Structure formats: structure tokens, C-alpha cells
Amino acid sequence: MRKITVSRIVLVFVLILSLLLTGCAAGDKGNKAQDTPKPQAQTEVQTPAKEKVKVTLYFANKEADALVPVQREIDKPKDMVMALINELNNPGDYAPVLPKGTKLLYYEKSGDTITLNFNQAFANLQGTTGELIAINSVVDTITELPEFKKVKILVEGKTLTTGHAVYDQPLTRDESMIKK
């Protein structure tokens, strides 16, 4: 019986010793200087500035009888055509050129011609002068992009027809309305 008791005592002692050694070894790993995170200095994270691009937009003058070129610096967009139309919807200190609620639904490129498809709000052009201002504002702004020489305008996928004109052909830049 004594052999069993000594064996048990030796076994218990070995178990306790191995537990203690395992615990100490694990504890040492956590205390190493290389594992302890160093306090980070409080620094302000600098986000890179967005790249800017200069664009020329054409807005109506105060009398709304001519266009004036306006240079703006905007964040470089992924889609320049959409960005230009969005900027035309924000005239700032100038008279609006697009009818309220105008949105560009989509556009298609074909060579040096771009087809712009607007929502129905674009067809709410006010009078002959308002029509000329809106049409020329869009065409002159878009043709500032070097890849486009002609602009075809659709409303809800159909040819724009007003009381004054049928816009069934692509339009080229017309600088006669620009006041310099």
C-alpha cells in the first residue's frame, strides 16, 4: 500500500510541477518587451487631400440673356460628365440654366459625340431665350471636354421637341451666346 501512495505522491508532484512550469512559461511570454505594445504618440491622422480639377461651366448672366464662362475647382470625379451636369444644377451667384429638377439619367459615347438622356424636367424650358441658354449651356460645358465635339440631347429616351425646335441631330458648340 505504501508503494501506491508513494506513486500517487510522485504523480501528483509531477502534475503540479508541470502545471507550474507551464504557467510560468506562458506568463513570461506576455512580459517580454517585444510583445508589450508601446504607447502610440497621439498624432492627428492626415487623410490625403482629394485631387482637384478645374472645369469650365457656362451659366446664364444676371439678365439671363447670355452665357458666361465660369471656372470652378471641384474634387476630381470618377464620372466627369455627371459631375459637370451636377455643377450646372448649382449656379451659385449666376442665374440658373437648367430647369428645376433636371437630372441626367444616362449618357452614351460614340466617337466624338455624346448623347445625354435627361429626365422630363429638362423639357420644362422657359421661352426661346431660356431654351437657348439651357441647350447652349449644356453643349458648351460638355464640349469643354476634349473628347466631345457634338452633343445629342434626349428627354426620357426621346428626341427633345419644344415649341421652337426639334433637337433630333447632335449639336456643336455655339459661342454666339457667350459673353466674354
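**Exercise 1. The pairing of β3 and β4**

How many bridges join strand β3 to strand β4, and do the strands run parallel or antiparallel?

Solution. The model examined here is predicted. Start with the limits of the two strands: β3 covers residues 104-110 and β4 covers residues 113-118. Between these strands there are 6 bridges, and their directions are antiparallel. One of the bridges can be followed by residue: Y106 has N117 in β4 as its partner. Next, look at the connection. β3 and β4 make a hairpin, with 2 residues between the strands. In that turn, G111 has a positive phi of about 65°.

**Exercise 2. T115 in strand β4**

Decide whether T115 is buried or exposed, and list what it contacts.

Solution. First place the residue: T115 belongs to strand β4. Its relative accessible area is 17%. Buried means under 20%, so T115 is buried. Then set aside the neighbours within four places in sequence; T115 is in contact with Y106, Y107, E108, K152 and L154. Y106 has already appeared above, as the bridge partner of N117.

**Exercise 3. V55 in strand β1**

Find the strand that holds V55, its accessibility and its contacts beyond the neighbours in sequence.

Solution. V55 is part of strand β1, which spans residues 52-60. With a relative accessible area of 7%, V55 is buried. Apart from neighbours within four places in sequence, the residues in contact with V55 are V70, Q71, R72, I74, M80 and L84. A distance can be added: the C-alpha atoms of V55 and A83 are 9.9 Å apart, while the two residues are separated by 28 residues along the chain.

**Exercise 4. The crossing of α2 and α3**

Describe how helix α2 and helix α3 cross, and which residues meet there.

Solution. Take the helices in order: α2 runs over residues 80-88 and α3 over residues 127-142. Their axes come within 10 Å and cross at roughly 140°. The crossing is right-handed. On the α2 side, the residues are V81, L84, I85 and L88; on the α3 side, they are S137, V138, T141 and I142. Sorted by type, the residues of this contact comprise 6 nonpolar, 2 polar and no charged. L84 also appears among the contacts of V55.

**Exercise 5. Salt bridges**

State how many salt bridges are counted, and trace the ones made by K52 and by R173.

Solution. The count is 5 salt bridges. One of them pairs K52 with D75, whose closest N and O atoms are 2.7 Å apart. K52 lies in strand β1 and D75 in strand β2 (residues 67-75), so this pair links distant parts of the chain, 23 residues apart. K52 is partly exposed at 45% relative accessible area, and D75 is partly exposed at 35%.

Now turn to R173. Its side chain meets that of E144 in a salt bridge of 2.7 Å, N to O. E144 is in the loop between α3 and β5 (150-155), and R173 is in the segment after β8 (171-172), so the pair ties together parts that are 29 residues apart in sequence. R173 also forms a salt bridge with E175, again with closest N and O atoms 2.7 Å apart. The relative accessibility is 34% for E144, 26% for R173 and 39% for E175. E144, R173 and E175 therefore count as partly exposed. Through shared partners, the salt bridges join E144, R173 and E175 into one network.

Key. Residues are numbered from 1 along each chain as its sequence is written. This is a predicted model: local features need pLDDT of at least 70, side-chain atom pairs count only at pLDDT 80 or more; totals for chains, interfaces and linings use all residues. Side-chain values use heavy atoms; hydrogens and water are left out. Helices (H or I, at least four residues) and strands (E, at least two) are DSSP runs, numbered from the N terminus. Buried means under 20% relative accessible area, exposed over 50%, partly exposed in between (1.4 Å probe, protein chains only). Contact means heavy atoms within 4.5 Å. Two strands pair if DSSP finds at least two bridges between them. Axes are lines fitted to C-alpha atoms, for helices over the stretch in contact, and angles run from 0 to 180 degrees between N-to-C directions. A crossing is left-handed if the near helix is turned anticlockwise from the far one by less than a right angle, and right-handed if clockwise. Ala, Val, Leu, Ile, Met, Phe, Trp, Tyr, Cys and Pro count as nonpolar, Asp, Glu, Lys and Arg as charged, and the others, Gly among them, as polar. A salt bridge is a side-chain nitrogen of Lys or Arg within 4 Å of a carboxyl oxygen of Asp or Glu.
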